[in-house]
Amino acid sequence: MKVLHENTPKMLFVCRGSIKDGVGHITRTRTVADSAVKSGEVRVAVLGDSFLDALLRDSKFEHKYLNSDIQVLDEITSFKPDILVLDM
């Protein structure tokens with residue numbers, strides 16, 4: 001488990017991913033988030049289909065699938081990130 005310091009930034013990545021939207025957003029987000037894990041606490045929220053979970057299954061960060069824009073807002077409000085990255 002990674003030890004986080006008080007001044008470690010919290011980063012939230014939000015992207016879309018579905019059959020309709022494609023998987024490019026998830027792939028790109030994973031690449032950047034994997035690198036960001038070295039610098040802070042990282043979460044990824046995917047607005048879309050959880051059947052794409054294989055793309056994030058062995059990632060180094062926490063991730064979840066959301067069904068609506070309201071859930072995205074709830075995630076932002078509850079996590080309170082220092083850095084928010086959107087790939088929509």
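What follows is a chat between a colleague and a modeller about this predicted model.

Colleague: Let's start with the sheet. What is the order of its four strands?

Modeller: The sheet is open and its strands pair in parallel. Its edges are β3 (62-66) and β4 (83-87), each pairing on one side only. Neighbouring strands are turned by 20° against each other on average, ignoring direction. Reading across, the order is β3-β2-β1-β4.

Colleague: Over how many bridges do β1 and β2 pair?

Modeller: These two strands run in the parallel sense. One bridge joins Val14 to its partner Ala45 in β2. For β1 and β2, the bridge count is eight.

Colleague: And on the β4 side, which residue stands opposite Phe13?

Modeller: β1 and β4 also pair in the parallel sense, over five bridges. Val85 turns up among the residues that Phe13 touches too, along with Thr29, Val32 and Val42. The β4 residue opposite Phe13 is Val85.

Colleague: Which hand does the crossover from β1 through α1 to β2 have?

Modeller: Helix α1 packs on the sheet and touches β1, β2 and β4. The direction of α1 makes about 165° with that of β1. The chain goes from β1 through α1 to β2, and that β-α-β crossover is right-handed.

Colleague: Why is β1 said to be largely enclosed by the rest of the structure?

Modeller: β1 has pairing on both flanks: with β2 over eight bridges and with β4 over five. Both helices lie against it as well, since α1 touches β1 and α2 lies across it. The enclosure follows from the burial count, because the buried residues of β1 number six of the eight.

Colleague: Which residues touch the most other members in the largest nonpolar core?

Modeller: That core has 14 residues. β1 (10-17), α1 (24-36) and β2 (41-48) each give two or more of them. Apart from it lies another core, of seven residues, including Val14, Leu66, Val72 and Phe79. Back in the largest core, the ones touching the most other members are Phe13, Val42, Val44, Val46, Leu56 and Phe61.

Colleague: On to the other helix. Which residues of α2 are buried?

Modeller: α2 (residues 69-79) lies across β1, β2, β3 and β4, at about 170° to β1. Its buried residues pack against β1, β2 and β3. They cover an arc of only 60° around the axis, so they sit on the same side of α2. The names are Val72, Glu75 and Phe79.

Colleague: Which residues are exposed on the other side of α2?

Modeller: Here the cut-off matters: exposed means over 50% relative accessible area. On that side of α2, the residues that qualify are Ile70, Thr77 and Ser78.

Colleague: What residue follows α2, and what is its phi?

Modeller: The helix covers residues 69-79. Next comes a residue whose phi is positive, near 55°. That residue is Lys80.

Colleague: Asp34 is in α1. Is Asp34 buried or exposed?

Modeller: Leaving aside neighbours within four places in sequence, Asp34 is in contact with Ser59, Lys60 and Phe61. Buried means under 20% relative accessible area. Asp34 comes in at 17%, so it counts as buried.

Colleague: How far apart are the C-alpha atoms of Asp87 and His25?

Modeller: Asp87 lies in strand β4, and at 13% relative accessibility it counts as buried. Beyond four places in sequence, Asp87 touches Val14, Cys15, Arg16, His25, Arg28 and Thr29. Along the chain, Asp87 and His25 are 62 residues apart. Their C-alpha atoms are separated by 6.0 Å.

Colleague: Last one: what is the relative accessible area of Ile26?

Modeller: Ile26 lies in helix α1. Not counting residues up to four places away, Ile26 touches Cys15, Arg16, Gly17, Val46, Leu52, Leu55 and Leu56. From Ile26 to Met88, 62 residues away in sequence, the C-alpha to C-alpha distance is 9.6 Å. Ile26 is buried, and its relative accessible area is 1%.

Methods: Residues numbered from 1 in each chain as written. Predicted model: local features only at pLDDT ≥ 70, side-chain atom pairs only at ≥ 80, totals over all residues. Heavy atoms only, no water. Core = buried A, V, L, I, M, F, W, Y, C linked by side-chain atoms within 4.5 Å. Buried < 20%, exposed > 50% of the residue type's maximum accessible area, 1.4 Å probe, protein only. Contact = heavy atoms within 4.5 Å. Pairing = 2+ DSSP bridges. Axes fitted to C-alpha atoms, helices over the stretch in contact; angles between N-to-C directions. Arc of directions from axis to C-beta. Right-handed = clockwise from strand over helix to strand, strands pointing away.
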